[in-house]
Amino acid sequence: NNSILQADASTLAMTDRHPCYSYEAHHKYARMHLPVAPRCNISCNYCNRKYDCVNESRPGVTSEVLTPEAARDKFLLVRDKIEHLSVVGIAGPGDALANWDNVRRSIELIKEVDREVIFCLSTNGLMLPQYALEIVELGVKHVTVTVNCLEPVTGAKIYRYVNYRGKVYRGKAGAEILLKNQQKGIKYLAKHGVLVKVNIVMVKGINDKRIPEVVRLAKNLGAFITNIMPLVPAPGSVFENFAPTDPAELDRMREICGQDMRQMRHCKQCRADAIGLLHEDRSLEFNTAGKK
Ligand code: SF4
Ligand code: SF4
């Protein structure tokens with residue numbers, strides 16, 4: 001094992017309380033996702049922006065969006081009611097780093113009222129080179145980056161456009177910027193002690209053949225774990241008529257990649273406002289809008 005993991009012992013110990021990073025933890029510890037990130041800066045062909053970000057969540061249910069203050073209040077309410085709430089994650093409904101001011105403020109406000117909670121972010125990685133330093137300084141130790149491919153030519157089949165610093169790039173040009181920034185960002189985070197989870201959406205005929213190479217790259221960049229996810233074709237997305245990933249093929253791919261890298265196999269593709277243990281979403285109980 002030539003992993004170049006840089007995380008220190010206390011960060012690794014935290015993982016025992018993180019239901020997504022540790023299979024054992026997911027029976028006991030709960031997480032809540034705070035929907036404080038409405039916008040996105042790229043367009044994935046498997047996404048329908050009416051729904052939550054597929055980086056970390058299943059399409060099909062739209063969440064309400066919270067201000068940082070409302071997010072803190074919701075956290076306090078949930079912490080009172082749910083035992084073993086260990087993780088606050090930000091997973092959309094858009095991209096965490098396309099809404100960085102909101103996300104940072106939410107984390108700061110929650111840190112003022114709780115020192116134990118573990119923060120977790122998920123992102124497409126486009127803005128990581130810009131914000132990775134702040135993520136590290138904020139003390140966030142768990143970041144998920146969705147990396148679907150290595151080559152811009154494949155990226156052009158997955159991403160419709162990339163909106164980078166106010167300019168829209170399409171096709172290979174957009175994918176090239178995104179892939180470069182993802183890789184640079186993961187390397188920086190890993191080097192600074194962050195446990196990076198790399199999500200990969202498996203799309204047959206598009207990126208499936210080269211997923212083992214994506215996993216090896218993730219490992220070489222210092223990532224902690226990879227999570228190969230099935231495609232859930234979202235109505236209204238470019239891939240809406242694609243077949244959902246075959247569970248047996250997904251398992252085989254995880255088997256193959258497991259020889260190189262730790263694999264997450266218990267992801268539930270939770271929504272951006274999910275609350276509770278991974279297998280029992282209680283978000284409806286805490287929906288501040290009071291209806292769904
Ligand atoms: Fe949708 Fe997430 Fe992709 Fe943005 S990064 S287009 S929210 S799946
Ligand atoms: Fe964990 Fe997967 Fe749910 Fe994210 S989407 S909280 S990684 S189970």
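## Core, helix packing and backbone features of a predicted model

Arg-165 is placed in the loop between strand 6 (159-164) and strand 7 (167-170). The structure described here is a predicted model. Although Arg-165 is not a glycine, its phi is positive, at about 50 degrees. Arg-165 has 9 other C-beta atoms within 10 Å and is therefore exposed, since 12 or fewer such atoms are required for that class.

His-84 also has a positive phi while being a residue other than glycine, with a value near 55 degrees. The loop between helix 2 and strand 3 (85-90) contains His-84. His-84 counts as exposed because it has 12 C-beta neighbours inside 10 Å. As background to these two residues, most residues other than glycine have a negative phi. A positive phi is also found at Gly-222, just after helix 7, where the value is about 100 degrees.

**The nonpolar core**

The largest nonpolar core comprises 81 residues, and Val-196 and Ala-223 have the most contacts inside it. Helix 6 (residues 171-191) is the element that gives the most to this core, contributing seven residues. In soluble globular proteins, nonpolar side chains tend to be buried together.

Which residues does Val-196 touch, leaving aside those up to four places away in sequence? On one side of the sequence they are Val-143, Val-145, Ile-186, Leu-189 and Ala-190, and on the other Gly-222, Ala-223 and Phe-224. Val-196 thus touches Ala-223, the other residue named with the most contacts inside the core. Gly-222, the residue with positive phi just after helix 7, is likewise among the contacts of Val-196.

Cys-120 lies 9.8 Å from Val-196, C-alpha to C-alpha, although the two are 76 residues apart in sequence. Cys-120 belongs to strand 4 (residues 118-123). Is Cys-120 buried or exposed? Cys-120 has 26 other C-beta atoms within 10 Å and is therefore buried, the threshold for this class being 20 or more. Beyond residues up to four places away in sequence, Cys-120 touches Val-87, Gly-89 and His-142.

**Helix packing**

Three helix pairs are set out below.

| Helix pair | Angle | Axis separation |
|---|---|---|
| Helix 2 (residues 68-81) and helix 3 (residues 100-113) | about 40 degrees | 8 Å |
| Helix 4 (residues 128-138) and helix 6 | about 15 degrees | 9 Å |
| Helix 7 and helix 8 | roughly 40 degrees | within 10 Å |

Helix 2 and helix 3 are oblique to each other because their angle of about 40 degrees falls in that class. Helix 2 passes helix 3 in a right-handed crossing. On the helix 2 side, the contact involves Pro-68, Glu-69, Ala-71, Arg-72, Phe-75 and Leu-76, which meet Asn-102, Arg-105, Ser-106, Leu-109, Ile-110 and Val-113 of helix 3. By class, the residues of this contact are seven nonpolar, two polar and three charged.

How are helix 4 and helix 6 arranged? Their angle is about 15 degrees, which makes helix 4 roughly parallel to helix 6, as angles under 35 degrees are classed in this way. The crossing of helix 4 and helix 6 is right-handed. Helix 4 provides Leu-128, Pro-129, Ala-132 and Ile-135 to the contact, while helix 6 provides Asn-181, Gln-182, Lys-184, Gly-185, Tyr-188 and Leu-189. The contact of helix 4 with helix 6 holds six nonpolar, three polar and one charged residues. Leu-189 takes part in this contact and also touches Val-196.

The axes of helix 7 and helix 8 cross at roughly 40 degrees, so helix 7 is oblique to helix 8. Their crossing is right-handed. Ile-211, Pro-212 and Val-215 of helix 7 meet Met-253, Ile-256 and Cys-257 of helix 8. The contact of helix 7 with helix 8 consists of six nonpolar residues, with no polar and no charged ones.

**Surroundings of helix 7 and helix 8**

Helix 7 (residues 211-221) has as its buried residues Ile-211, Val-214, Val-215, Leu-217, Ala-218, Lys-219 and Leu-221. The cover over these residues includes helix 6, strand 8 (195-202), strand 9 (225-230) and helix 8 (247-258). Ile-211 and Val-215 are buried and also meet residues of helix 8.

Arg-252 is located in helix 8. Arg-252 counts as exposed because it has 11 C-beta neighbours inside 10 Å. Arg-252 is separated from Leu-150 by 102 residues in sequence and by 21 Å in space, C-alpha to C-alpha.

Key
Residues are numbered from 1 along each chain as its sequence is written. Chains are lettered from A and ligands numbered from 1 in the order in which they are written. This is a predicted model: local features need pLDDT of at least 70, side-chain atom pairs count only at pLDDT 80 or more; totals for chains, interfaces and linings use all residues. A nonpolar core is a set of buried Ala, Val, Leu, Ile, Met, Phe, Trp, Tyr and Cys residues joined through C-beta atoms within 7 Å. Helices (H or I, at least four residues) and strands (E, at least two) are DSSP runs, numbered from the N terminus. Two residues are in contact if their C-beta atoms, placed from the backbone, lie within 7 Å. Axes are lines fitted to C-alpha atoms, for helices over the stretch in contact, and angles run from 0 to 180 degrees between N-to-C directions. Angles under 35 degrees count as roughly parallel, over 145 as roughly antiparallel, 65 to 115 as roughly perpendicular and the rest as oblique. A crossing is left-handed if the near helix is turned anticlockwise from the far one by less than a right angle, and right-handed if clockwise. Ala, Val, Leu, Ile, Met, Phe, Trp, Tyr, Cys and Pro count as nonpolar, Asp, Glu, Lys and Arg as charged, and the others, Gly among them, as polar.
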